[in-house]
Every structure is written in structure tokens, then in C-alpha cells.
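Please open the model in the viewer and keep the sequence panel visible. The stops below are to be taken in order.

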Amino acid sequence: MRPFLVYTASRIGLFAVTLGVLYLIGIHDVFWLIVISFVISGMASYVLLSRQRDAVSEQISKGRRG
């Protein structure tokens, strides 16, 4: 359960940081702020959180095998 929680918290944190940075640089429309933050944090998490994603995948794989 721990790898899943670490990965989820990391994704949420990355989204929050992206949201804050975009707000500070001048994007104040809520819809576009959320959409752009979602896209940027998704791409960043693909690169930055690969180790955590692998740990979650391994945990799920072990759980299905028994």
C-alpha cells in the first residue's frame, strides 16, 4: 500500500506546484489553469515519477499472483 500512497501524494503535489506556478505567472482563468496544470503535471510525472510508478506496478503484480 505504501508505494501507491507515495505515488499518489507525489502526483497531487506535482499538480499543486504546477497550479501555483501557473497562477503566479499570470494564468487566472480557473478552467485553463486546471487544464494546463493537469497536462503539464501529467507530462512531468511521466518523467519524474517513473521509479514510483514501477513500484506501484510491481506491488499490483505481486498482489494478483497471490
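Show the surface of the whole chain: about 5100 Å² is exposed, and carbon and sulfur atoms supply 70% of that area. Accessible areas come from the Shrake-Rupley method with a 1.4 Å probe, and for residues only the protein chains shown count as cover. The model is a predicted one, in which local features need pLDDT of at least 70 and side-chain atom pairs count only at pLDDT 80 or more, while totals for chains, interfaces and linings use all residues. Residues are numbered from 1 along each chain as its sequence is written, and side-chain values use heavy atoms, with hydrogens and water left out.

Next, switch to a cartoon view. The chain contains 3 helices and 0 strands, in the order α-α-α along the sequence. The radius of gyration is 15 Å, well over the 11 Å that the globule rule gives for 66 residues, so the chain is more spread out than a compact globule. This radius is taken over C-alpha atoms, and the rule is 2.2 Å times the number of residues to the power 0.38. Helices (H or I, at least four residues) and strands (E, at least two) are DSSP runs, numbered from the N terminus. Along its principal axes, the C-alpha trace spans about 50 × 20 × 15 Å.

Select helix H1, residues 2-24. Its 23 residues should span 33 Å at 1.5 Å a residue, and the end C-alpha atoms are indeed 33 Å apart; the expected span is 1.5 Å times one less than the number of residues. Which residues of H1 are buried? They are Tyr7, Leu14, Thr18 and Leu22, where buried means under 20% relative accessible area, exposed over 50%, and partly exposed in between (1.4 Å probe, protein chains only). In the chain, buried residues make up 15% of the 66 residues. Just after H1, select Gly26, which takes a positive phi of about 120°.

Move on to helix H2, residues 30-48, and select Tyr46 within it. Tyr46 counts as exposed, at 60% relative accessibility. Add Arg11 to the selection: its C-alpha atom is separated by 9.8 Å from that of Tyr46, although the two are 35 residues apart along the chain.

Finally, select Phe31 and Trp32. They form an aromatic pair that is edge-to-face, with 5.1 Å centre to centre and 75° between the planes. Rings of Phe, Tyr and Trp (its six-membered ring) pair if their centres lie within 6.5 Å; planes under 30 degrees apart count as stacked, over 60 as edge-to-face and the rest as tilted. Phe31 is exposed, at 52% relative accessible area, whereas Trp32 is partly exposed, at 47%.
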